[in-house]
Amino acid sequence: QTVANDHYTYIANPNYWNPSAVHYKKVIIKAISNVTSAVQAMRTGQLDAFFSGDNANAASAKDAGLIVDSGLSYWDGLQLLDPQGKVVPALGDQRVRQALEYAINRPAIVKAVYGDFGHPLVQPALPNWPEYDPALENQYPYDPAKAKQLLAAAGFPNGFSFSATSTTVSAKMLQAVGGDLANVGVTLDYVPAASIAAQSQNMAAGKVAAFGLPESHLNTYFMVNGQFLENSQRNPLNETDPQVVSLDNQALQAQGPAATAAWQKVLTRLVDNAWTVPVVAVDSIFYISPKITGYQSNKSSHFVDPAQLRPAR
């Protein structure tokens with residue numbers, strides 16, 4: 001009753017220690033990569049829950065009588081690989097990086113690309129992280145005139161060009177970012193990648209100065225270690241900010257409320273120095289059939305516990 005890469009069948013363990021927690025005798029997990037196909041399967045009763053929805057199909061899912069819910073999942077943006085200007089000298093100037101921040105119309109991009117399931121973001125942290133600082137979100141309002149002034153002051157009155165890579169997950173967002181940057185004279189050359197592996201190869205080869213890739217870390221500690229320290233997985237050029245390294249070490253020594261404050265200082269430094277350019281916090285979207293109950297909406301997390309799902313009657 002199982003076919004690899006198509007469907008997987010599980011049956012209940014009759015000797016499970018807590019029979020009251022067992023709500024189904026059989027659970028079938030189907031591998032469906034196309035969201036439209038999944039919605040159609042739910043319409044016809046072939047599926048009861050789908051955990052990989054998208055905003056493009058949310059309206060049709062609601063029209064079909066399905067429950068559409070969501071929770072914070074990841075952040076994404078124009079993630080700079082070269083803030084020290086090893087590949088693109090212009091990016092080594094803090095004023096240039098700050099110009100990129102001011103040039104991006106985050107609310108407009110979020111509305112166009114993510115609809116109700118995205119949230120404009122300036123800091124590289126999700127709003128449900130303890131160290132997330134709401135005050136940082138006011139730092140770079142959309143101001144293309146300010147962006148042009150900073151570019152001119154840095155010696156790039158006519159702009160410059162650089163490239164960024166991503167898979168299809170971040171493609172629309174990066175292309176929209178490119179449109180905003182073009183309005184201030186900066187050319188973003190988008191390099192599509194067919195897979196995560198291909199994107200990693202583009203990044204490691206030094207062919208691109210930025211990338212787009214969903215960041216679904218649990219907190220600032222994991223995010224910094226994954227991207228902003230020497231030999232980090234997403235830092236192939238090994239470009240680091242000594243102040244971030246120092247603040248990271250201080251935060252590792254702190255405990256309790258002091259640790260939260262210490263990690264906020266890390267985020268503040270990343271934002272002040274425009275070491276990367278976040279654009280959006282994105283929700284995961286779930287489609288649930290009315291035949292299912294026990295699902296608890298959780299706007300602060302994308303995690304769904306399937307063990308809580310049970311027949312509505």
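Colleague: How much space lies in the second largest pocket?
Modeller: This is a predicted model, where local features need pLDDT of at least 70 and side-chain atom pairs count only at pLDDT 80 or more, while totals for chains, interfaces and linings use all residues. Residues are numbered from 1 along each chain as its sequence is written, and side-chain values use heavy atoms, leaving out hydrogens and water. A pocket is an open set of 1 Å grid points where a 1.4 Å probe fits, with protein on both sides within 12 Å along at least five of seven lines. Filling the second largest pocket with probe spheres set on its points gives about 570 Å³.

Colleague: Which residues lie nearest the centre of that second largest pocket?
Modeller: Its lining, meaning residues with an atom within 4 Å of a point, has 18 residues. Strand β3 (49-53), helix α6 (168-182) and strand β9 (277-288) each supply at least two of them; helices (H or I) are DSSP runs of at least four residues, strands (E) of at least two, numbered from the N terminus. Nearest the centre are Asp-54, Asn-55, Tyr-74, Tyr-114 and Val-169.

Colleague: Which strand gives the largest share of the lining of the largest pocket?
Modeller: That pocket holds about 930 Å³ and is lined by 26 residues, including Val-27, Ile-28 and Ile-29. β1 (7-11), β2 (26-30) and β3 each supply at least two. The largest share, 5 residues, comes from β2.

Colleague: In helix α4, which residues are buried?
Modeller: Buried means under 20% relative accessible area and exposed over 50% (1.4 Å probe, protein chains only). Pro-107, Lys-111 and Ala-112 are exposed, on the face turned away from the buried side. The buried residues of α4 are Arg-106, Ile-109, Val-110 and Val-113.
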